[in-house]
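Student: I would like to walk through this model with you, one question at a time. Shall we begin with the sheets?

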Amino acid sequence: MASSSAALNPTLLHNNKGSLPPFSTRRHGFLNFPSNPTASFSKRSLNCERRFCGVGVVKASATTVELEVARDRTAGDEGRRVLRVGLICGGPSAERGISLNSARSVLDHIQGDDLHVSAYYIDCNLKPYAISSAQVYSNTPADFDFKLESLAQGFESLSDFVEHLATSVDIVFPVIHGRFGEDGGIQELLEKSNIPFVGTQSNECRKAFDKYDASSELDKQGFVTVPSFLIRGSESEETELSTWFVKNNIDVEQGKVVVKPTRAGSSIGVTVAYGVTDSLTKANAIISEGIDDKVIVEIFLEGGREFTTIVLDVGSGSDCQPVALLPTEVELLSNGSVDSSEKDIIFNYRRKYLPTQQVAYHTPPHFPEDVITNIREGASLLFQRLGLRDFARIDGWFLPPSAHAAYLTGNKFGRSESGTIVFTDINLISGMEQTSFLFQQASKVGFSHSNILRTVIQHACLRFPDVRQASPSPRKESSQTNKASRKHQNPRKVFVIFGGDTSERQVSLMSGTNVWLNLQSFDDLEVIPCLLAPSNGYSSNMDSDETNSGVSSRIVWSLPYSVVLRHTTEEVLDACIEAIEPVRAALTSRLRSQVMDDILEGLKKHDWFRGFDISDDLPKKYSLDQWIKQAKQDGATVFIAVHGGIGEDGTLQSLLEAEGVPYTGPGVAASKTCMDKVATSVALEHLTAEGVLTITKDVRKKEDLLKMQPVEIWKELTSKLRSKTLCVKPARDGCSTGVARLCCVGDLEVYIKALENCLPRIQPNSLSKAHGMIEMPIPPPKLLIFEPFVETDEITFSSQLSSGNAHELLWKGNSRWVEITVGVIGKRGSMRSLTPSVTVKENGDILSLEEKFQGGTGINLTPPPLSIISNEALEKCKNRIELIANTLRLEGFSRIDAFVNVDSGEVLIIEVNTVPGMTPSTVLIHQALANQPPMYPHRFFRSLLDFGSERYL
C-alpha cells in the first residue's frame, strides 16, 4: 500500500477540478468506538453444506458482553454429548501474535457438530477475556487490544476466569506460546481448580521450559548436551565466563557462542556473540530489556545441522506411549539470498515464522537413515523421561563426524558412528499455524489438520474420566483425504492455483493454502491445490507480446496434501521433484510406514480413532496448457490465487476464457487495466466531480534512471510533482513490492542502485527515514512510477495514558486524510463495498508485505473508529469505492487501496488489486466478519468461488 508526503495539496492531484476542504490544525484525540458494536459480533450462521458448526461466540451489546456457552446436546448417531473446548491464546510473551495465529488454525480445524469451541484471550498484563471467534481472525492482538473492554467479556481476576471455565467448558486447549503458556503458569491455574486441559502438567512444564534446567536434566538422564554457562547479571560473572571459555577451548576474545534467554520460547532473543565481552553485553541487553533475568551462553555448534520433531503420545490415560513423527531438517541457507550484513545465520524468530528463502525444510531430513531412527527414539525417550503429555516439539542438532565436536564428551545417548545427536529445546505448545511443523510432519504420516488436532484432544480426554465419554469422533475431510467419506458422490472440482515468480509468490502460497483448506470443509467440492512453477525469466514487467509467447508451456504441479504445507514456493517445487525421485521416495515411504505402524500400535486401542485420512499421493506435472484442458475436462472452476504476473495481468484469465473454463476474480480487460497503475488512474480521472481523485504521476524507464545522474533526476521529479518527498513504485507489479518513500537524492541513489544490482530487497533503514524491509521485484521493473508522497494522519498506540485505561489509540488528525484498504465483492456492475479498514503502519511509512499478509504483524482497524471518521463520511466513502469498482468493470472480488478524507469521504485512489491477499489474517477476512450477517472464512471463500463458477451462466 503506497503512501506519499506533502499534506495532500490540490496541485498534486491529477485533473483535480474541485477544491479540497481546508486542513485543520494538528490535534490529538482518543478514539471512541460505537456503543453498539454488534455488527462485528453477530452469532455465526453456517450453511448446511458444511460438515461442521458450533463455534462459541461472544455477543456484544451496548452495556455488556455475554458468553454463549454451548448447552449439552446429543450429536450424531452415537448419542455422545458435545465436547466443549476452551481455546486460550495470547499471553505476555512476544510470541502472542503467533499464539493468535495458532488459535485461528485450531479453531478452523477442530470445530464440528460434536465439538463446540469457546475462545479466550489473555492480554500482556494477564487479564483474561472471553472473545468472539471473529476476534480470533484478527491479524494481530494489537487489532483489538485497545477495544477489549467494550467488545469482550473481561474477568476481574484469573480466579474468576478459572471459575467461569469450570462451568463453561469440558477441557481447555491452551495455545499460549512462551511465558505463562509453556512455563507451567496456565497449567497450574487449571490444576488448582481440577479443570482438564491438553498438554503437559505444570511441574513438568517448568522444568522443560527453562533451557538451563532442561539441559541439566537431560544430562542426568544420559543424553548428550551442549556445554553452557548461566548468566544472571552479576559483576563477578566476567571472570567465571572467561574460565568457562578457556575450559571449552573457546577464544576469550573472538570465540563464537550462542546467547539466549532461558525462559523466552524457542526464538525470542536468540543471538550470536563473539568473545566474553560481547557475550556479556548481549546477555545484559536481554536482561535489561525484560526478556528474561536468566541468560545462557552455549557453544556454537559449527558444522551442525538443525532438526525438529513432533512427538505424539498414543498411550492410554496415564500410560505414556510417545511416538516421534518424521523429523524435519532445518537448513539455513547462506547463499546469495541472504544479506551480506548478516554475519551469522541462525534460526531466529523471523526465519521461523515468516516466509523466506533463507531457510529450507526437509521432511524427512537428509541425514543417514540410522540417524533419523535415533532422533525418533531419542525424542520419544526424552518425552517419556521428562513426563511430557499429549504432544510436544523437540529441537536439536545432528553433528556429523566432520564437525569435530570434541567438547561433547561422555558415552551417552545420541552418539553413533554416523555422528552425534544433541537435543537442545523443548516446545511444550508447538506452533500450530497452517504450515507449522506439527501439520507438516503429521500430514507426512497420514493425518489431516483436523485429524491430528482432534487426536491430541481425544488423548487428553483419556486422562479425565469425567470428559472421556464426551469426546468427539474425528471428522473426515474431503478432497485429498479419504474420498470414501464424502456425502456427495459427484463433487464439483476446484483447482486452486498459486505461486508464480513475482516477489509476491510467497504470499500467493499462503493465500492459496488458506483458500484450499477453507474450501475443503464443503462436502460438495473436491479441491485440488496447484503450483504455478517459476518460469525461465518470465516477469510481469515484460511486454504483452513477450508474455503471450511460451506462457502456455509454463509448468503447473497438482499437489498432494503434505507437499502444499511449505513456507515458500521454492520448497514446494523442491518437494515435488523430491517426491518423484525414486531413492528419496522409497526412503520416505519406508520411514512413513514405520511411524504409522508405531502410531497404530497405540491408537488402535481407542474406538474413537478412525484411522489416517491422508493418502500418500504423488504430485502430477502439467504444462499450463495441459492443466487448463484438464480443468475443462473435469468441469472445474479455477480459483486464482497467483499475485502479480500472469495471475493478475489478464494473461491467465485470457487462457482460461479461451477454453471456457470459469475462474474467480475480474475478467481480462479489468485485470490488465488494474495491473497498470497508470492505466488505472486514466480510467478513473473523469470521476473527480464524484469525489474520486487520482495522483499526478511521472513514469520513468529503468534504463533512463540508470543513465542519468540521480541529482538531475531528483531535481526534475520534485519540480514536476511539486513535492519534496516522493513515492516510487513499479508501474506493473503487485502491491507493496518495490514501494518506497524517497526523502532526498541519497534515497533515490540507494533505490537506483538496488535496481541496477537486481537486489531482492532493500534492508531496513537503508533510506534516510526509518522503514522496514522493502521487497524488490525480480527481475527489476522496466517502468517505474514516481508520485508525491501523501502524508496521512498518524495513528499510534498508547499503553499508559492519563485516563488510566490500559489500551487506547492516539490520533494526530492534522491532514484529515487516512489510508484505507477495502474489499469489494459481487457481480460485474453491482459490486458492493465491504467495511473499510484503516491501516496502521508499525515500521516507517509504507506497509510491508509482512504487515499486509503475515499473521502477527501489521495493524488494521475494522471498522474505522467513529473518532476518526463518521458513519456519514464512511458511507460516502463506500459509495465511491463501489463507483470505482463498477467503473473498472470489476467482478467477483478485488481490494482497493486508497486515502480517504475523514470529513468529506472523498477518495484518493492508490491502486486496485484484482487478486488480493487471501492469507489467514488478511484484512478482507476482518471486513467480511464485519458484514451483516458475518461471513466467516469458509463461507467468504465459497462465495468468491460461486461468483466465479457462475461466470458463464
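Tutor: Gladly! Two strands count as paired if DSSP finds at least two bridges between them. Keep in mind that this is a predicted model.

Student: Thanks! In what order do the strands of the four-stranded open sheet run?

Tutor: The pairing in this sheet is antiparallel. Its edge strands, each pairing on one side only, are β12 (228-231) and β14 (271-274). From one strand to the next the twist averages 30 degrees. The order is β12-β15-β13-β14.

Student: Which residue of β15 stands opposite I231?

Tutor: Strand β12 and strand β15 (residues 295-299) pair over four bridges in the antiparallel sense. The partner of I231 is V295.

Student: What angle does helix α8 make with β12?

Tutor: Helix α8 (residues 237-247) packs on this sheet and touches β12, β13 (256-261) and β15. Angles here run from 0 to 180 degrees between N-to-C directions. For α8 and β12 the value is about 175 degrees.

Student: Let's turn to the five-stranded open sheet. Which strands are at its edges?

Tutor: The strand order is β26-β25-β24-β23-β27, with mixed pairing. Each edge strand pairs on one side only, and the two are β26 (620-623) and β27 (637-640).

Student: In which sense do β23 and β27 pair, parallel or antiparallel?

Tutor: Strand β23 covers residues 492-499 and is joined to β27 over four bridges. In this pair, I497 stands opposite I640 of β27. The sense is parallel.

Student: And what angle does helix α20 make with β26?

Tutor: Helix α20 (residues 624-634) lies across β23, β24 (525-532), β25 (555-558), β26 and β27. Its direction relative to β26 is about 105 degrees.

Student: Now for α28. Why do its buried residues line one face of the helix?

Tutor: An α-helix has 3.6 residues a turn, so residues three or four places apart point the same way. The buried residues of α28 (871-887) are A873, L874, C877, K878, R880, I881, I884 and A885. Seen down the axis of α28, these buried residues fall within one arc, so they line one face, and that arc is 165 degrees.

Student: How far does α28 reach from its first C-alpha to its last?

Tutor: The helix has 17 residues, and at 1.5 Å a residue a span of 24 Å is expected. The computed reach is close to that expectation, at 24 Å.

Student: What covers the buried residues of α28?

Tutor: Both helix and strand elements take part, among them α23 (677-684), β28 (692-695) and β37 (817-826). Also included are β38 (832-833), β41 (892-901) and β42 (907-913).

Student: Just after α28, which residue takes a positive phi?

Tutor: This residue lies in the loop between α28 and β41. It is not a glycine, yet its phi is about 60 degrees. At 48% relative accessibility it counts as partly exposed, and its name is R889.

Student: Is R816 buried or exposed?

Tutor: R816 is found in the loop between β36 (808-812) and β37, and it has a positive phi of about 75 degrees although it is not a glycine. Buried means under 20% relative accessible area. With a value of 9%, R816 is buried.

Student: Which residue in β39 stands opposite I820?

Tutor: Both faces of strand β39 (residues 837-840) are covered, with S837 and T839 buried on one side and V838 and V840 on the other. β37 and β39 pair in the antiparallel sense over two bridges. Opposite I820 stands V838.

Student: Which residue has its side chain in polar contact with the side chain of D390?

Tutor: D390 is found in the loop between α11 (369-385) and β20 (391-399). It is buried, with a relative accessible area of 0%. Beyond four places in sequence, its contacts include F197, V311, F383 and R463. The polar contact, at 2.7 Å, is with H459.

Student: One more: which residue does a cis peptide bond join to T363?

Tutor: The omega of this bond is about 0 degrees. The partner lies in the loop between β19 (359-362) and α11, and it is P364.

Definitions and conventions
Residues numbered from 1 in each chain as written. Predicted model: local features only at pLDDT ≥ 70, side-chain atom pairs only at ≥ 80, totals over all residues. Heavy atoms only, no water. Contact = heavy atoms within 4.5 Å. Expected span 1.5 Å × (residues − 1). Buried < 20%, exposed > 50% of the residue type's maximum accessible area, 1.4 Å probe, protein only. Arc of directions from axis to C-beta. Polar contact = N/O pair within 3.5 Å; in protein donor to acceptor, adjacent residues only side chain to side chain.
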